[in-house]
Amino acid sequence: MCEVIGRLIAGDCSAFRDRNAGVVVGAREVAPFDPAILLGDPVGWLTARVAHGLATLPSMEKSRFTVADLTGADPYKLATGLVVPRPIGWIGSISADGVANLAPYSFFNCVSGMPPTFVFSPGRGGRKDTLANVREVGEFTINIVTTEVVEAMNATAASHAADVDEFAEAGLTAAPSVSIRPPMVGECRANIECVVTQIIDIGHPDHGSSLVIGEAVEFHIDAELLDGTRINQLDLKAIGRHVGNAYSNSTDLFEIARPD
Ligand SMILES: Cc1cc2nc3c(=O)[nH]c(=O)nc-3n(C[C@H](O)[C@H](O)[C@H](O)COP(=O)(O)O)c2cc1C
């Protein structure tokens, strides 16, 4: 880092380091910000780059993809390869005539804390029972995917006829919900009961998606995970989805203090 500072400002790097307590950014030692020494950096841009470890980034050459020129699965591959890891909403639903259904959706997220609001997005390329069910019944459960249930989650991604109950098919417990009709996965350490508030169609009717928006009405969480309403992140062992069949564990945690 001193080399970088020295090259950029032609200053005396060792003197700079001696006068300042070194801090470690990544694997290299850097000196803390001293505005006086950074001549020619009136707005502090250079200093900020050094302080945030940006000054050592290698140069890069970016390939550009214009979406209108892409074909087949390429837009999907680019989008899902970059927004990673994606959380997985394991969605429980029920048809109007009472057949329970369970399937994973990684176009899924929490988009509001109050009201607690969740979205997931079934593709409309072929029939998705989950989408048909939430259109009909207007309710769904979210079952949190953790290490313990990841294999069972994967099993429920298989295509089954609409009259197949995937809870039973995967050997999972269909635990009754309190305020809605679709069941929850009894084996999951946390579940959320949701009521659909909107369904927004995205893209082409034949190969676009539908964004399902729902508000939580009940949370069920293993008491062992809780400190009040704070959820122990290490113990939760939530799973993230990457591209294709790749997943990650969310147990490699670190903290960064936010600026005031
Ligand atoms: C981890 C994972 C995430 C998935 N995410 C989605 C998704 O976001 N949207 C989608 O349409 N299909 C997704 N799928 C595929 C569906 O789970 C699969 O098509 C399933 O059979 C749909 O079931 P359903 O017809 O009962 O709703 C995903 C599959 C896996 C394994």
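Two strands are taken to pair if DSSP finds at least two bridges between them. In this predicted model, S11 and S12 pair in the antiparallel sense, and 12 bridges join them. One of the residues involved is Asp201, whose bridge partner in S12 is Ser210.

The pairing of S11 with S12 belongs to a wider arrangement. Seven strands form an open sheet with antiparallel pairing, and their order is S5-S4-S8-S11-S12-S7-S6. S5 and strand S6 (108–113) stand at the edges of the sheet; each has a single partner strand, so one side of each is left without a neighbour in the sheet. From one strand to the next, the twist averages 30°.

Helix H5 lies across five strands of the model, namely S4, S5, S8, S11 and S12, and runs at about 55° to S4. The buried residues of H5 are Asp129, Thr130, Leu131, Asn133 and Val134. These buried residues pack against strand S4 (89–94), S5, strand S8 (139–144), strand S11 (190–202) and strand S12 (209–221). H5 is followed by Gly138, a residue with a positive phi near 75°.

The largest nonpolar core contains 32 residues, of which Trp90, Ile91, Phe120 and Val145 touch the most other members. Two or more residues of this core are given by each of S4, S5, strand S7 (116–120), H5, S8, helix H6 (150–155), strand S10 (184–185) and S11. The largest share comes from S5, which gives four residues. The contacts of Val145 may be taken in detail: when residues up to four places away in sequence are not counted, Val145 touches Ile88, Trp90, Pro104, Val150, Met153, Ala238 and Ile239. Among these partners, Trp90 is also one of the core residues that touch the most other members.

The surroundings of the ligand were examined next. The shell around the ligand holds 17 residues, and those that come nearest are Ala103, Phe107, Gly123, Thr130 and Ala157. Strand S5 (100–105) and helix H5 (129–137) are the elements that give two or more residues to this shell. S5 gives the most, with four residues. By residue class, the shell divides into seven nonpolar, seven polar and three charged residues.

Taken together, these results place S5 in several settings. S5 stands at an edge of the sheet, gives the largest share of the largest nonpolar core, and gives the most residues to the shell around the ligand. Thr130 likewise appears twice, as a buried residue of H5 and among the residues that come nearest to the ligand.

Conventions:
Residues are numbered from 1 along each chain as its sequence is written. This is a predicted model: local features need pLDDT of at least 70, side-chain atom pairs count only at pLDDT 80 or more; totals for chains, interfaces and linings use all residues. A residue is near a molecule or strand if its C-beta atom, placed from the backbone, lies within 6 Å of it. Ala, Val, Leu, Ile, Met, Phe, Trp, Tyr, Cys and Pro count as nonpolar, Asp, Glu, Lys and Arg as charged, and the others, Gly among them, as polar. A residue is buried if 20 or more other C-beta atoms lie within 10 Å of its own, exposed if 12 or fewer, and partly exposed in between; C-beta atoms are placed from the backbone. Two residues are in contact if their C-beta atoms, placed from the backbone, lie within 7 Å. A nonpolar core is a set of buried Ala, Val, Leu, Ile, Met, Phe, Trp, Tyr and Cys residues joined through C-beta atoms within 7 Å. Axes are lines fitted to C-alpha atoms, for helices over the stretch in contact, and angles run from 0 to 180 degrees between N-to-C directions.
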